[in-house]
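Open the model in your viewer and keep the selection box handy. We will go from the whole chain to single side chains, one stop at a time.

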Amino acid sequence: MTERDDFLAWVESELYQAELALHNGDAAPRQALWSRTEPVSVLGAWRNAHGRHELDELFTALGRSFSDCTSHELELQAYDVAGDMAYTAGLERTSASVDGQPRSYRLRVTQVYRREGGEWKVAHRHGDTVTE
């Protein structure tokens with residue numbers, strides 16, 4: 001397997017499972033996949049965060065808000081690996097309860113990753129709502 005194949009396998013397994021867990025109310029897997037090395041940031045569809053402290057607060061709040069995920073899909077449109085850096089760009093389609101209310105939404109998401117200690121970690125996420 002190539003580096004790109006290995007990275008894609010990680011995105012489709014560990015990263016996907018962490019996002020699914022978040023949408024079922026468990027933020028811990030997402031937090032574990034994020035870099036502990038600054039800078040880290042989220043420019044989110046609902047809220048922004050800069051630095052580990054703000055990210056931990058954001059992920060905890062999202063975990064409390066989400067539950068009952070019935071569908072979470074990532075339509076990857078582009079990705080690449082360049083040494084110890086990588087990125088993904090695509091669409092996320094999710095159906096889950098948000099604050100107890102069922103919702104379905106689609107986000108346009110770009111993420112940047114760093115390889116740290118031989119493992120991929122998320123360093124930045126930008127997501128915004130796709131409107132028709």
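Before the first selection, one term: a polar contact is a pair of N or O atoms within 3.5 Å, where within protein one must be able to donate a hydrogen and the other to accept it. By that rule, the side chains of arginine 114 and glutamate 116 are joined by a polar contact of 3.1 Å. We will come back to this arginine later. Keep in mind that the model is predicted.

**The whole chain**

Start with everything shown as a cartoon. You should find three helices and six strands, in the order α-α-β-β-α-β-β-β-β along the sequence. The C-alpha trace spans about 40 × 30 × 25 Å along its principal axes. How does the radius of gyration fit with a compact globule? The protein has 14 Å, and a compact globule of 132 residues would have a value near 14 Å, so the two agree. If you colour by burial, 42% of the 132 residues count as buried. Among contacts with a separation of 6 or more, 52% are between residues 24 or more positions apart.

**The strands, hairpin by hairpin**

Select E3 (66–82) and E4 (85–98). These two run antiparallel and are joined by 13 bridges. Serine 71 faces serine 95 in E4. Two residues lie between the strands of this hairpin, and glycine 83 has a positive phi near 65° there.

Next, add E5 (101–116). E4 and E5 are also antiparallel, with 14 bridges between them; threonine 94 has tyrosine 105 in E5 as its bridge partner. In this hairpin, again with two residues between the strands, look for aspartate 99 and its positive phi near 55°.

Now extend the selection to E6 (119–129). E5 and E6 pair antiparallel over 10 bridges, and valine 109 stands opposite glycine 127 in E6. The hairpin has two residues between its strands, with glycine 117 in the turn at a positive phi of about 60°.

**Helix H3**

Select residues 51–65, which make up H3. This helix has 15 residues and reaches 21 Å from its first C-alpha to its last, close to the 21 Å expected at 1.5 Å a residue. Show the side chains of its buried residues: Gly51, Arg52, Leu55, Leu58, Phe59, Ala61, Leu62 and Gly63. They pack against H1, helix H2 (28–33), strand E1 (41–43), strand E2 (48–50) and E3.

**The nonpolar core**

In soluble globular proteins, nonpolar side chains tend to be buried together. Which residues touch the most other members of the largest nonpolar core here? Select Phe7, Trp10, Phe59 and Tyr113, which hold that place among its 28 residues. Two or more residues each come from H1 (3–23), H3, E3, E4, E5 and E6, and H1 gives the most, with seven.

Centre the view on tryptophan 10. Leaving out residues up to four places away in sequence, this side of the core shows Trp10 touching Leu15, Leu33, Tyr113, Trp120 and Val122.

**Tyrosine 113**

Move to tyrosine 113, in strand E5. Is this residue buried or exposed? Tyrosine 113 counts as buried because its relative accessible area is 0%, below the 20% limit for that class. Beyond four places in sequence, its contacts include Phe7, Asp84, Met85, Tyr87 and Lys121. Its side chain also makes a polar contact of 2.8 Å with that of glutamine 111. For a distance check, draw a line from its C-alpha to that of threonine 131: the two are 18 residues apart in sequence and 27 Å apart in space.

**Two buried charged residues**Select glutamate 19 in helix H1. At 6% relative accessibility, glutamate 19 counts as buried. A polar contact of 2.8 Å joins its side chain to that of arginine 30. Not counting residues up to four places away in sequence, glutamate 19 touches Arg30, His72 and Arg125.

Finally, return to arginine 114 in strand E5. Arginine 114 is buried as well, with a relative accessible area of 16%. Besides the contact with glutamate 116, its side chain has a polar contact of 2.9 Å with that of serine 35. To see its surroundings, show its neighbours beyond four places in sequence, among them Thr37, Glu38, Pro39, Val40, Glu119 and Trp120.

Note on methods: Residues numbered from 1 in each chain as written. Predicted model: local features only at pLDDT ≥ 70, side-chain atom pairs only at ≥ 80, totals over all residues. Heavy atoms only, no water. Core = buried A, V, L, I, M, F, W, Y, C linked by side-chain atoms within 4.5 Å. Buried < 20%, exposed > 50% of the residue type's maximum accessible area, 1.4 Å probe, protein only. Helix = DSSP H or I, 4+ residues; strand = E, 2+ residues; numbered from the N terminus. Contact = heavy atoms within 4.5 Å. Pairing = 2+ DSSP bridges. Expected span 1.5 Å × (residues − 1). Rg over C-alpha atoms; globule rule 2.2 N^0.38 Å.
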